[in-house]
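Thanks for coming. I will walk through one structure this morning, and I will keep it short.

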Amino acid sequence: MKRAVRTLIRLIAAAFILFGVIEIVLEYARHRLPEAVMSWGQIVISSLLIVAGIALLAASSKLAEKLTDDFEE
């Protein structure tokens, strides 16, 4: 059970990182259009998604252990 929960947490973390990178790439592509202004707020939010994904990825095993302690007893 712990392995499945850890895999699910890592999948969610990878999705956070992927969505953050896609947002930054799309914002950069929009910035390259004529008369477009770069939205720094959108870049900050995307960067926070990436950081949250990395933090979730780093803490996935401990988090999975905490979430599955009740089921193993």
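Start with M38. Leaving aside its neighbours within four places in sequence, M38 is in contact with E27, Y28, H31 and I43. M38 itself has its place in the loop between α1 and α2. Take one of those partners, Y28: the two residues are 10 apart along the chain, and the C-alpha atoms of M38 and Y28 are separated by 7.4 Å. Before going on, please keep in mind that this is a predicted model.

Now look at that loop again. Which residue has a positive phi of about 60 degrees although it is not a glycine? That is E35. Most residues other than glycine have a negative phi. E35 also has its place in the loop between α1 and α2. Is E35 buried or exposed? E35 counts as exposed, because its relative accessibility is 84%, and the cut-off for exposed is over 50%.

Next, the helix before the loop. Helix α1 covers residues 2-31. We can check its length with simple arithmetic. At 1.5 Å a residue, the 30 residues of α1 should span 44 Å. The C-alpha atoms at its ends are 44 Å apart, so the expected span and the model agree. If you try this yourselves, multiply 1.5 Å by one less than the number of residues.

Which residues of α1 are buried? They are V5, I9, A13, G20 and E27. Let me stay with E27. E27 lies in helix α1, and E27 counts as buried because its relative accessibility is 7%, where the cut-off for buried is under 20%. What does E27 touch, leaving aside its neighbours within four places in sequence? The contacts of E27 are V37, M38, S39, Q42 and I43. M38 is where we began, and its own contacts include E27.

E27 has a charged partner as well. E27 forms a salt bridge with R30, and the closest N and O atoms are 2.8 Å apart. The cut-off here is 4 Å, and by this rule the count comes to 1 salt bridge. Where do the two residues sit relative to each other? E27 and R30 are 3 residues apart in helix α1, which means that about one helical turn separates them. Their accessibilities are as follows: E27 counts as buried because its value is 7%, while R30 counts as partly exposed because its value is 35%.

Now the helix after the loop. Helix α2 covers residues 40-58. The length check again: at 1.5 Å a residue, its 19 residues should span 27 Å, and the end C-alpha atoms are 27 Å apart, so this agrees too.

In α2, the buried residues are I43, S46, I50 and G53. They cover an arc of only 85 degrees around the axis, so they lie on the same side of α2. What do the buried residues of α2 pack against? They pack against α1. On the other side of α2, the exposed residues are W40, I45, L48, V51 and A58.

Back to α1 for R10. R10 has its place in helix α1, and R10 is partly exposed because its relative accessible area is 39%. Not counting residues up to four places away in sequence, R10 touches L57 and S60. For scale along the helix, R10 and Y28 are 18 residues apart in sequence and 27 Å apart in space, C-alpha to C-alpha.

The next residue is L67, found in helix α3, residues 60-72. L67 is partly exposed, because its relative accessible area is 48%. Which residues is L67 in contact with, leaving aside its neighbours within four places in sequence? They are V5 and I9, and both are among the buried residues of α1. I12 gives another distance: L67 and I12 are 55 residues apart along the chain, and their C-alpha atoms are separated by 15 Å.

I12 brings me to the last item, on the surface. L8, L11, I12 and F16 form a nonpolar patch there, with about 360 Å² of accessible area together. One member, F16, lies in helix α1, and F16 counts as partly exposed because its relative accessibility is 31%. That is over the 30% needed to belong to a patch.

That is all from me. I am happy to go back to any of these residues.

Terms used
Residues are numbered from 1 along each chain as its sequence is written. This is a predicted model: local features need pLDDT of at least 70, side-chain atom pairs count only at pLDDT 80 or more; totals for chains, interfaces and linings use all residues. Side-chain values use heavy atoms; hydrogens and water are left out. Patches are made of residues with over 30% relative accessible area and no salt bridge: like charges are joined within 9 Å, nonpolar side chains (Val, Leu, Ile, Met, Phe, Trp, Tyr) within 5 Å. Accessible areas come from the Shrake-Rupley method with a 1.4 Å probe; for residues, only the protein chains shown count as cover. A salt bridge is a side-chain nitrogen of Lys or Arg within 4 Å of a carboxyl oxygen of Asp or Glu. Helices (H or I, at least four residues) and strands (E, at least two) are DSSP runs, numbered from the N terminus. Buried means under 20% relative accessible area, exposed over 50%, partly exposed in between (1.4 Å probe, protein chains only). Contact means heavy atoms within 4.5 Å. The arc is that of the directions from the helix axis to the C-beta atoms.
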